[in-house]
Amino acid sequence: DLFITSKLWNDYQGYDQTIEFFTKSIENLGTDYLDLFLIHWPCEADGLFIESYKAMEKLYEEGRIRAIGVCNFNQHHLEKLMEATEVVPAVNQIEVHPNFNQQALQEYCDSHDIAVTAWMPLMRNRGLLEYDVITKLAERYNKTPAQIVLRWHLAHNRLVIPKSKTPERIKENYDIFDFNLELTDIAEIDSLNKDERQGNDPDKVRIGTLK
């Protein structure tokens, strides 16, 4: 089974351009629908994300998209969006990892039944998997450090999309459904939060600033 997702890139924001981008996406994919269509960044300063989302609502109502959502939206972006549109986003895909756990945004999304998807869940391995807290838990549970962090994400009711091109790593990342972290262990990983973002700040991204 396949779950087909595409994202609206910043340069195509706007009502008509969103329809155009969707049409190109399904042509390139060789399908006539998407399971999920996401706005990649809010680009709030450009003032187009609401019009983009309204175009997605039209495609959703026509049955050409089975779910619509957003990426990298902070709470104020979501509030503005939901005031002006009808369909609550199914998903908000955001940067989340133990150094940047976004707990307040997670709670806001949970309260509105918006599923949080964590991108960069392993912090692109920028030292996270060598933290003493993580390695000690990996030893205790007889799992890898990456598996401990991914299980921590699931404990917080997040969808998680670790990236890997290595078949062994992909298999390792999936092999996390045979154990659960204890609450004290979850809290210990929670305590690693430093509110340190590794990626771009959604409030600063504008159309044309990312390639």
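Here are legends for four close-up views of this predicted model.

**View 1. The buried face of helix α3.**
Zooming in on α3, which runs over residues 75-84, we find H77, L78 and L81 as its buried residues. Looking down the axis of α3, these buried residues fall within an arc of 95°, so they line one face of the helix. The spacing fits the usual helix rule: an α-helix has 3.6 residues a turn, so residues three or four places apart point the same way. And what does this buried set of α3 pack against? Its partners are two helices, α2 (49-61) and α4 (103-111), plus two strands, β3 (68-71) and β4 (91-95).

**View 2. I26 and its surroundings.**
I26 sits in helix α1, which covers residues 15-29. Is I26 buried or exposed? Its relative accessibility is 8%, and the cut-off for buried is under 20%, so I26 counts as buried. Leaving aside residues up to four places away in sequence, I26 touches T31, D32, Y33, L34 and R64. For a sense of scale, take E62 as well: I26 and E62 are 36 residues apart along the chain, and their C-alpha atoms are separated by 15 Å.

**View 3. The largest pocket.**
This view moves to the largest pocket, which holds about 540 Å³ of space. A set of 23 residues lines the largest pocket, and P121, L122, R124, P162 and K163 are the ones that lie nearest its centre. Helices α6 (145-155) and α7 (167-174) each chip in at least two residues to this lining. Which element gives the most to the lining of the largest pocket? That would be α7, with three residues. By character, the lining of the largest pocket splits into eleven nonpolar, seven polar and five charged residues.

**View 4. The second largest pocket.**
Here we look into the second largest pocket, with about 150 Å³ of space. Its walls are made by L154, V160, P162, I170, N173, Y174, I176 and F177. Helix α7 turns up again, providing three residues, the largest share of the lining of the second largest pocket. How do the lining residues of the second largest pocket divide into nonpolar, polar and charged? Seven are nonpolar, one is polar and none is charged. One residue to look for in both pocket views is P162: it lies among the residues nearest the centre of the largest pocket, and it also lines the second largest pocket.

Methods. Residues are numbered from 1 along each chain as its sequence is written. This is a predicted model: local features need pLDDT of at least 70, side-chain atom pairs count only at pLDDT 80 or more; totals for chains, interfaces and linings use all residues. Side-chain values use heavy atoms; hydrogens and water are left out. Buried means under 20% relative accessible area, exposed over 50%, partly exposed in between (1.4 Å probe, protein chains only). Helices (H or I, at least four residues) and strands (E, at least two) are DSSP runs, numbered from the N terminus. The arc is that of the directions from the helix axis to the C-beta atoms. Contact means heavy atoms within 4.5 Å. On a 1 Å grid over the protein atoms alone, a cavity is a set of points where a 1.4 Å probe fits but cannot get out, and a pocket is an open set with protein on both sides within 12 Å along at least five of seven lines; lining residues have an atom within 4 Å of a point. Grid points are joined across faces, edges and corners, and a volume is the space filled by probe spheres set on the points. Ala, Val, Leu, Ile, Met, Phe, Trp, Tyr, Cys and Pro count as nonpolar, Asp, Glu, Lys and Arg as charged, and the others, Gly among them, as polar.
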